[in-house]
4 protein chains.
Amino acid sequence: MNYQTILEEIYEQIQPELQIGKVANYIPALKEVNADDFAMSIHLLDGTSYNIGSYNKKFSIQSISKVFTFSMALEIYSKKLYKRVWHEPSGNPFNSLVQLEYEKGIPRNPFINAGAIVTTDTLLSHYKTEDKTFEAINNFINRLCKEKIDFDEKIYNSELKHGFRNQALASLMKSFNNIKNPINKTLNIYFKHCSLMMSCEQLATSMLYLANHGIDPKTKEIYLNSSRAKRVNSLMLTCGHYDASGDFAFHVGLPGKSGVGGGIVAIVPKKMAICVYSPRLNSKGNSHAGTKALELFTSKTKLSIF
Amino acid sequence: MNYQTILEEIYEQIQPELQIGKVANYIPALKEVNADDFAMSIHLLDGTSYNIGSYNKKFSIQSISKVFTFSMALEIYSKKLYKRVWHEPSGNPFNSLVQLEYEKGIPRNPFINAGAIVTTDTLLSHYKTEDKTFEAINNFINRLCKEKIDFDEKIYNSELKHGFRNQALASLMKSFNNIKNPINKTLNIYFKHCSLMMSCEQLATSMLYLANHGIDPKTKEIYLNSSRAKRVNSLMLTCGHYDASGDFAFHVGLPGKSGVGGGIVAIVPKKMAICVYSPRLNSKGNSHAGTKALELFTSKTKLSIF
Amino acid sequence: MNYQTILEEIYEQIQPELQIGKVANYIPALKEVNADDFAMSIHLLDGTSYNIGSYNKKFSIQSISKVFTFSMALEIYSKKLYKRVWHEPSGNPFNSLVQLEYEKGIPRNPFINAGAIVTTDTLLSHYKTEDKTFEAINNFINRLCKEKIDFDEKIYNSELKHGFRNQALASLMKSFNNIKNPINKTLNIYFKHCSLMMSCEQLATSMLYLANHGIDPKTKEIYLNSSRAKRVNSLMLTCGHYDASGDFAFHVGLPGKSGVGGGIVAIVPKKMAICVYSPRLNSKGNSHAGTKALELFTSKTKLSIF
Amino acid sequence: MNYQTILEEIYEQIQPELQIGKVANYIPALKEVNADDFAMSIHLLDGTSYNIGSYNKKFSIQSISKVFTFSMALEIYSKKLYKRVWHEPSGNPFNSLVQLEYEKGIPRNPFINAGAIVTTDTLLSHYKTEDKTFEAINNFINRLCKEKIDFDEKIYNSELKHGFRNQALASLMKSFNNIKNPINKTLNIYFKHCSLMMSCEQLATSMLYLANHGIDPKTKEIYLNSSRAKRVNSLMLTCGHYDASGDFAFHVGLPGKSGVGGGIVAIVPKKMAICVYSPRLNSKGNSHAGTKALELFTSKTKLSIF
């Protein structure tokens, strides 16, 4: 299949969609992007890659970081992790407290905020200090993308200053004893990994391990065992887009994870990893044009896990 | 792969699980089964099939019928159907009214009771009378399984007599004008197709169209276009097991649909359809041993869509 | 105190409020009223009475009937009634199913629809047939108001035809076995007593027993023992206006009960009963001008239970 | 009426109830009380008072402090306060986050934790510093009870250390901009006034202003205008006992406020203030024997606002 041609077609067809939706505004620093930007990268297991748009421009990966931290925690804790975070779609917005209260502080899955905060908390328990934990997360991603990445100080500070909802989630879970470290330490790391800056190209490369049973196709490094890699993919399918996860599965048909920074990653098992970027979000907090581009991609290529 | 050997291994390993869980008791007639029964059938696209246990014994297909009625309605109404029933996991038990009230009578998906009642209501609007509608549903399944099937009068009457919760769901949706026909007519058909009796072997054969892009692999009859067939599969993955759908995706990794009669069907796209039966249910209303058997099957075969 | 002068002042001051709000439109027959009507009646224990506006005009008493049926059921069943309907504010709209589902079919209080349906169901169990039950309710009120009253056939039929939400409530409670008679029989009586037509003057007179420890001040007939009469009053205060009950207690300071027909009754213990009527409702389903008129009345007279 | 005899009767009859329920254990320091203690004080407007049991022993007033801080805030802000905290029963437990999320950070009433935190926040905005705010609260109560009171350092520290749920509430409201000061400052004051230690006798005296239209019957000092005093009473009636408020109104029939320290205050308008203490709590978090004692009191005296 000629993926470059397909990307060019998508690029053309997506233009009218680039004006639709709104850039995330819950933290001021996130608003300072070019709202009309678009980028898409396709990286195959064989090392070939196809890119279009501003695919080198870095953006805030936000919730996409939850895929990396969950992979790390799953490899460290295995089934023990399931007691502290489930793997069920929430059917609710990403930062809802309601369900968390009914369900005694156990988040539905690691891809809603509460679940990712718990995941980060388990990593802090393992790596002991804030610095070592963030370093471990950073290293994990650096090795996957083969380039040095870093977080954006301004976005991080903005998260810290406006993160009252996440503080409420963490406090509520702490009241149920499902946060083991001091809230502010866990949240510092959480906000830091959400503030990591990566390009479409870097993210597509970094996600290849999930298309390849947990193994980096280039370096052959094993990040997750095969069965766990499949589980991460299944979670991306059922829970990767908050309360629009079913819609994404229905229309795109691939495991994926979005972030409010405007990025979405998607996996075609045994074939490729994809990343798309466009900062305007739909009402569910997912990139509007990004979702449309992935729909176009799977219509054109007939790629689907179903 | 030697599927018969695999079935035999599963059959042996599943024995201790057959005592766990409880047979559905919300309607008296459902209780009258052999609680320790187990059956499993694997039907490949090439026509070969493998079976074990009581694979010829008929049981009440219950919610598995929702896959057939949704396929029919999707082919008739296409996108128009989405206005009356969504495709999002509910995160709630199968018969919950809470979400339905908040969401103004639009059910989350066609595989929870409310959604299946709406689906049935659309079929009644299309086929006009109760008799013609049920006949159409029955014909659809007869053609798929190449055998004549029928509903169980006793179970049907039991449903009618004890179906207050479903009546509440239908009344609530009617108050939002999302049921177009008289409630009792729609519910009669709904209860009737839930009371259909089929064997593991019949169900496995009947589901092959979903493993084959909507086309019956034997007769080449087209039941759904390719893209719609994938959508049914995606819905089975995200919503096929009520509020244990994520868990099923996580541990089994295949699209599937369970019924409180004890049956579960699962699809390996482009390869096969599977049916497993064991009437004792776990706390979420899904066959306990059936779920375990499918987990064993995907561990042994490494088959997974992820 | 010169109550007639006070009524005249209120009548003048209330004029601008008579245009605010919307007449109940959930059943067509309720819409056919003069939207700008206003009436108010004050009946003292000593037999004197003061009236203004269209105080002789009959209107649909709707939920005000719940006070009468609950009084009857409380006198028949006493504490046994509390197992089937509580006495706690719901904090939710009058016809919500959410709480009812969480709380296993036991309604929060007898003044929300679900609770009043259960109350009616207990009366049907006691009086055996639909006809005798409705006759008993009718007699109870006839004796209190010393005039013959009747229900409006058109409103009753309209309720029957559009009462899907109430049917949903009844079905849900039946599924929890908290409705003992056939749903349609219980609902017929419920809809009938909601369709009773009474004037402001008749309602004020009829409520005097609650201002007088359960005893009709004129005939000395005992309708409720003293402690139960106080309990009905306490329920009117905490639950009489759905999720605006706290607001009514805060601003008016008297036990009261409103109906979507536009009537509100209020009690000044040991002194008087009041009825006010104006069909335009506020967003919570209570008469807008009626509530304002009662606020003016308690400001002017300093009457309050607090 | 011979109130001392009545207190003696209650004291005798309440003995079997003193073993029922459990002392609050959500913070360790609260557990260190004599679980079987009982005290009751009745203070009349004319200055006479009646006491029984350990009426001089100080206990942690906990949520009873919310009556004082709300009185202060109401007198300072008047109607402006209603935009930040409503006056509606919540129908939910005292520390629930669910409703607060649906209702965009505006607490239902000032007597649930969230509402009292907002009230404290308004006082901090008025008095500018933590010290001055707590001093003002302390002065307000000192003047009412004519004795110097203070908070318990150990309980305060225990609250600080274990107050994750209250932190979650405050963070959630901050995310909706309904907390104007830094969370930790507002919570420090909130925890401090909850940790105030008072005896039954002191509390009964201190509440007399609410039985007397807002005026201290002894010093004639005006704490609230008459209409506001009635509103505080109405709030105690509809919201004073969390999700058992209706039950308290139903069985006791007086405005009241309970605290998890085991105290309950109640008001007989124009007559008296009552305080009862017994640390074992019922399942709703209210003193078990305290509630029973008040029921006995109103049965014996026939005092009731209804």
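## A buried asparagine in chain D

In this predicted model, D:N51 is buried, its relative accessible area being 13%. The residue belongs to strand β3 of chain D, which covers residues 49–53. The side chain of D:N51 forms a polar contact of 2.6 Å with the side chain of D:S41.

Beyond residues up to four places away in sequence, D:N51 also touches D:Q4, D:L7, D:M40, D:H43 and D:E201, in addition to D:S41.

## Helix α7 of chain D

Helix α7 of chain D takes in residues 164–175, twelve residues in all. At 1.5 Å a residue, a span of 16 Å is expected, and the end C-alpha atoms are indeed 16 Å apart, so the two values agree. Nine of the twelve residues of α7(D) are buried, and the helix is therefore largely enclosed by the rest of the structure. The buried residues are D:R165, D:N166, D:A168, D:L169, D:A170, D:S171, D:L172, D:M173 and D:K174.

The partners of these buried residues come from two chains. Within chain D, they pack against α3 (98–102), α4 (113–127) and α8 (183–194). From chain A, α3 (98–102) and α7 pack against the buried residues of α7(D). After α7(D) comes D:N177, which has a positive phi near 65°.

## Relations between the chains

Chain D is superposed on chain A by a rotation of 180° with 0.0 Å of shift along its axis, at an RMSD of 0.0 Å. The C-alpha of D:A168 is the one in chain D nearest this axis, at 2.0 Å. D:A168 is also one of the buried residues of α7(D). Both copies use the same surface, as 100% of the contact residues of chain D recur in chain A.

For chain B, a rotation of 180° with 0.0 Å of shift along its axis likewise gives superposition on chain A, with an RMSD of 0.0 Å. These two copies are thus related as by a two-fold rotation axis. Among the residues of chain B, B:G91 comes closest to the rotation axis, its C-alpha lying at 2.4 Å. Of the interface residues of chain B, 100% are also interface residues in chain A, so these copies meet through the same surface.

## Annotated binding-site positions in chain A

An unreviewed UniProt entry records the feature "binding site" at A:S63, A:N113, A:E159, A:N166, A:Y190, A:Y242 and A:V260. Among them, A:E159 is located in helix α6 (residues 153–162) of chain A. A:E159 counts as buried because its relative accessibility is 3%, under the 20% limit. Apart from residues up to four places away in sequence, A:E159 touches A:Y26, A:I27, A:Q62, A:F191, A:C194 and A:S195.

A second position in the record, A:N166, sits in helix α7 (residues 164–175) of chain A. A:N166 is buried at 7% relative accessibility. With neighbours within four places in sequence left aside, A:N166 is in contact with A:N113, A:I117, A:L187, A:Y190 and A:F191. Of these contacts, A:N113 and A:Y190 are named in the "binding site" record as well.

## Cysteines without disulfides

The count of disulfides over all chains is zero. For B:C194, the closest cysteine sulfur is that of B:C275, and the separation of 16 Å is too far for a bond. B:C194 is buried, with 3% relative accessibility.

D:C239 is in no disulfide either, and the nearest cysteine sulfur, belonging to C:C239, is 11 Å away. D:C239 is buried, with a relative accessible area of 2%. A bond would require the two sulfur atoms to be within 2.5 Å.

## Lysines with positive phi

A:K128 is not a glycine, yet its phi is positive, at about 75°. The residue occupies the loop of chain A between α4 (113–127) and α5 (130–145). A:K128 counts as exposed, at 65% relative accessibility.

In chain C, K220 also departs from glycine while having a positive phi: the value for C:K220 is near 65°. C:K220 lies in the loop between α10 (208–211) and α11 (226–239) of that chain. With a relative accessible area of 57%, C:K220 is exposed.

Key: Residues numbered from 1 in each chain as written. Chains lettered and ligands numbered in written order. Predicted model: local features only at pLDDT ≥ 70, side-chain atom pairs only at ≥ 80, totals over all residues. Heavy atoms only, no water. Buried < 20%, exposed > 50% of the residue type's maximum accessible area, 1.4 Å probe, protein only. Helix = DSSP H or I, 4+ residues; strand = E, 2+ residues; numbered from the N terminus. Polar contact = N/O pair within 3.5 Å; in protein donor to acceptor, adjacent residues only side chain to side chain. Contact = heavy atoms within 4.5 Å. UniProt positions renumbered as here; feature names shortened; annotations may be inferred. Least-squares fit on C-alpha atoms with pLDDT ≥ 70 in both. Expected span 1.5 Å × (residues − 1).
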